[in-house]
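Work through the two exercises below with the sequence and the coordinates at hand. Each task is followed by a stepwise solution.

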Amino acid sequence: MKVLVGVKRVIDYNVQVRVRPDHSDVDLTNTKMAMNPFCEIAVEEALRLKERGVASEIVAVSIGPKAAQEQLRTALALGADRAIHVESENRLDSLEVAQVLARLVAEEQPGLVILGKQAIDSDNNQTGQMLAALTGMGQGTFASRLEVTDGEVRVTREVDGGLRTLALRLPAVITTDLRLNEPRHARLPDIMKAKKKPIDSRGIDTFGLAASGYLRLERVETPAARQGGSKVASVDELVDKLKHEAKVL
Amino acid sequence: MSILILAEQHDGELAAGTAHVVAAARAIGGDIDVLVAGEGVDAVAQAAAGLDGVSRVRVADDAVYAHQLAEPLAELLVALADDYTHVLAASSTTGKNVLPRLAALRDVAQISDILEVVGADTFKRPIYAGNAIATVRSSDPLKVITVRTTAFDAVADGGSAAIEPVSAEVSNPSSRFVGEELAQSDRPELGSAKIVISGGRGMGSGDNFKLLDGIADKLGAAIGASRAAVDAGFVPNDMQVGQTGKIVAPELYIAVGISGAIQHLAGMKDSKVIVAINKDEDAPIFQVADYGLVGDLFEILPALEQKL
């Protein structure tokens, strides 16, 4: 079974973003970028499926600027067999990404597509569900456990209030939650070897999407800062302030 | 404008989040219908009909909707969407699962986790773990939106909407429900509790979370946790507060042994009053805390419980 894994290049999760002075967007110039943490979990799960003999080939896909090839090289170093890069310098909506992925699904015919549950930049949490809709596949979102059996994948999902297990007919779309696995690190020899693995790069214009931009970004602001608070010296003082100053007890 | 809200339900009861989504719908304006889909949902429909501002409750009672699976719910919403300009749901695991599927089937965008209604087509939403607020405008004929429930006050009860059945031929060959494990708790639900007390890695072990129980009981508070505490296996993941867990905005949030990483702050920094208890006086949590207490939580927590 072939597994298609989505990978997004995003700001490193430790970096505090800055809003541009003209409020047009956040400023990402000279910012450290990395693979979206949920995508790392998706790649790791694909690797484990291959190690268990469930997956035969892993194809990593990224849609984004030329620099997104760095993240594809990381996926290749970790063990993906080949990569597809769809180059687009513009900001894309989740639906546009899902449309491109749907085309690649039609072309590659994977048994499973694994994506992260959300990207830590847009915080949308939409692409996997949209891809499932466009391809008519079942969806197993926020997965914390996967088990592929005959023609089916059992997915345990993290839901409000606990865990819920579904069985999906293959092919299916899975989105990863944090506790699905602990991603491994790429080893130096594998990073060197990954340089020889193929990346098929194409322009997004070859996908013939409708006019881009479903949503218009009008303005980006910094959220209102909280008033700096004070430190209290004792439990007595804390309880007194909560009762009489903040009046929340 | 005509708005359809997908009702949120748990264990045959209307979930608290729906009343907050109705408030967001009222800010948009227009007729508001609520869709209750499930199996044996009379009580949910009655509760939804009582929410202020709701004009009609549409009920799809069928085994195919029994477990709120995304595939049949999205198909049902597609069948109903022609009557509406907006479809809304809470930004819960159900809303986040179903609405993007509807949006793609209708070839429109989905707007996630709105904090504010600027106009009927313009909304504010957080990006980058809440470190920036984006204003986005949709020119789609149908706006598909999930609502951050903590950003809108719940509407009151007192309405008496009409309840009407809907019929739609919906099948679901691609997924089926296998089972669930729900965490049992007598405490208020984390997302809607007025007071939340959370523990982090500084708690040291799962057993030490018992130190929070007595305080939570006295305050009627829910107990939460940071991702570090969940990843360390101290507590189950449905207690996690943060960008990747639950977003809370209670009147009082007490963070115990939590350093205050970006991902945690994203889940609680809109709380009205924040208290931090931490032995490291340089912990970033103190920058957002209204009241900070530096010290050993193993001494402070029993003392705090005694004083309440």
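The exercises treat a helix pair and then a whole chain of this predicted model.

**Exercise 1.** Describe how helices α3 and α4 of chain A pack against each other.

Solution.
1. Two packed helices are described by the angle between their axes and the distance between the axes.
2. Helix α3 of chain A covers residues 94–108, and helix α4 of chain A covers residues 127–135. Their axes lie 8 Å apart, at an angle of about 50°.
3. Angles under 35 degrees count as roughly parallel and those from 65 to 115 as roughly perpendicular; α3(A) and α4(A) are therefore oblique to each other.
4. The hand of the α3(A)–α4(A) crossing is right-handed.
5. On the α3(A) side, the contact consists of A:S94, A:L95, A:V97, A:A98, A:Q99, A:L101, A:A102 and A:V105. The α4(A) side supplies A:T127, A:M130, A:L131, A:L134 and A:T135.
6. Sorted by class, the contact of α3(A) with α4(A) has nine nonpolar residues, four polar ones and no charged ones.

**Exercise 2.** Does the radius of gyration of chain B agree or disagree with that of a compact globule? Add a description of the fold of chain B.

Solution.
1. A compact globule of 308 residues would have a radius of gyration near 19 Å; chain B has 21 Å, which agrees.
2. Along the principal axes, the C-alpha atoms of chain B fill a box of roughly 60 × 40 × 40 Å.
3. Of the 308 residues in chain B, 59% are buried.
4. The secondary structure of chain B comprises nine helices and 18 strands.
5. Among chain B contacts between residues at least 6 apart in sequence, 64% link residues at least 24 apart.

Key
Residues are numbered from 1 along each chain as its sequence is written. Chains are lettered from A and ligands numbered from 1 in the order in which they are written. This is a predicted model: local features need pLDDT of at least 70, side-chain atom pairs count only at pLDDT 80 or more; totals for chains, interfaces and linings use all residues. Side-chain values use heavy atoms; hydrogens and water are left out. Axes are lines fitted to C-alpha atoms, for helices over the stretch in contact, and angles run from 0 to 180 degrees between N-to-C directions. Helices (H or I, at least four residues) and strands (E, at least two) are DSSP runs, numbered from the N terminus. Angles under 35 degrees count as roughly parallel, over 145 as roughly antiparallel, 65 to 115 as roughly perpendicular and the rest as oblique. A crossing is left-handed if the near helix is turned anticlockwise from the far one by less than a right angle, and right-handed if clockwise. Contact means heavy atoms within 4.5 Å. Ala, Val, Leu, Ile, Met, Phe, Trp, Tyr, Cys and Pro count as nonpolar, Asp, Glu, Lys and Arg as charged, and the others, Gly among them, as polar. The radius of gyration is taken over C-alpha atoms; the globule rule is 2.2 Å times the number of residues to the power 0.38. Buried means under 20% relative accessible area, exposed over 50%, partly exposed in between (1.4 Å probe, protein chains only).
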